[in-house]
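Here is a short tour of one protein chain. Keep the structure in view and find each part as it comes up.

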Amino acid sequence: MSIRLAGKELEQIIKNIEANGGDAEELKGALPKPTIREKEKESEQEYLGRALASVEIKQGICPCCQAEGELYTGVCKKCFSEWALACRKE
Ligand SMILES: [Zn+2]
């Protein structure tokens, strides 16, 4: 279900994670799934805050853009944010 919502961005991120020997299963199930009503009243920043708060944070290097620092389900905050917002629009 997550894969259908996320589309190409998710596929690419998962490929990158798995190419680096990471576990993409966590990422596949990570995003909160807002109802249509929540989508209408929740801003992107609020949604992002909720998404970020719900995932495990580790230190490391992002497999997508090679940024070093905090990783959210295996990718950096920037990549996670782009992906989460892209998923949300669908
Ligand atoms: Zn990144």
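What follows goes from the overall layout to the sheet, then to the core and a helix pair.

**Layout**

Start with the kind of model this is. It is a predicted model. The chain has 5 helices and 3 strands. Read from the N terminus, the order of elements is α-α-α-α-β-β-β-α. The chain has 90 residues, and buried residues make up 28% of them.

How far apart in sequence are the residues that touch? Take the contacts between residues at least 6 apart in sequence. Of these, 47% join residues at least 24 apart.

**The sheet**

Now find the strands. They form an open sheet of 3 strands, in the order β1-β2-β3, and the pairing is antiparallel. The edge strands are β1 and β3, since each pairs on one side only. In general, the strands of a sheet pair through backbone hydrogen bonds, either parallel or antiparallel.

Take the two pairings in turn. Strand β1 covers residues 57-61, and 5 bridges join β1 to β2. Two positions can be traced here. I57 stands opposite Y72 in β2. Q59 has E70 of β2 as its bridge partner.

The other pairing links β2 and β3 through 2 bridges. L71 faces C76 of β3 across this pairing. Y72 stands opposite V75 in β3. Y72 therefore has a residue opposite it in each pairing: I57 in one and V75 in the other.

**Two turns with an unusual angle**

Each strand pair forms a hairpin. The hairpin of β1 and β2 has 6 residues between the strands. The hairpin of β2 and β3 has 2 residues between the strands. Each one holds a residue worth a closer look.

Most residues other than glycine have a negative phi. Q66 goes against this, with a positive phi near 65°. T73 has a positive phi too, near 50°.

Where do these residues sit, and are they buried or exposed? Q66 lies in the loop between β1 and β2. Q66 is exposed, because 8 other C-beta atoms lie within 10 Å, and 12 or fewer counts as exposed. T73 lies in the loop between β2 and β3. T73 is buried, because 26 other C-beta atoms lie within 10 Å, and the cut-off is 20 or more.

**The core**

Next, look for the largest nonpolar core. It has 19 residues. Which of them touch the most other members? They are I13, V75, C79 and F80. Several elements each supply at least two residues of this core: α1 (2-19), α4 (44-53), β2 (68-72), β3 (75-76) and α5 (77-89).

Follow I13 outward. Leave aside residues up to four places away in sequence, and I13 touches L27, C64, V75, C79 and W83.

The residue I14 is in helix α1. I14 counts as buried because it has 21 C-beta neighbours inside 10 Å, and 20 is enough.

**Two crossing helices**

Turn now to α4 and α5. Two packed helices are described by the angle between their axes and the distance between the axes. Here the axes come within 10 Å and cross at roughly 115°. The crossing is right-handed. On the α4 side, the contact is made by E44, Y47, L48 and A51. On the α5 side, it is made by S81, A84, L85 and R88. By class, the contact has 5 nonpolar, 1 polar and 2 charged residues.

E44 belongs to helix α4. Is E44 buried or exposed? E44 is exposed, because 12 other C-beta atoms lie within 10 Å, and exposed means 12 or fewer.

**Far in sequence, matched in space**

Two pairs of residues show how the chain folds back. The table gives C-alpha to C-alpha distances.

| Pair | Apart in sequence | Distance in space |
|---|---|---|
| E44 and S81 | 37 residues | 9.6 Å |
| I14 and P63 | 49 residues | 9.4 Å |

Find both pairs in the structure. E44 and S81 also take part in the contact of α4 and α5.

Key:
Residues numbered from 1 in each chain as written. Predicted model: local features only at pLDDT ≥ 70, side-chain atom pairs only at ≥ 80, totals over all residues. Core = buried A, V, L, I, M, F, W, Y, C linked by C-beta atoms within 7 Å. Helix = DSSP H or I, 4+ residues; strand = E, 2+ residues; numbered from the N terminus. Contact = placed C-beta atoms within 7 Å. Pairing = 2+ DSSP bridges. Axes fitted to C-alpha atoms, helices over the stretch in contact; angles between N-to-C directions. Left-handed = near helix turned anticlockwise from the far one by under 90°. Nonpolar A, V, L, I, M, F, W, Y, C, P; charged D, E, K, R; others polar.
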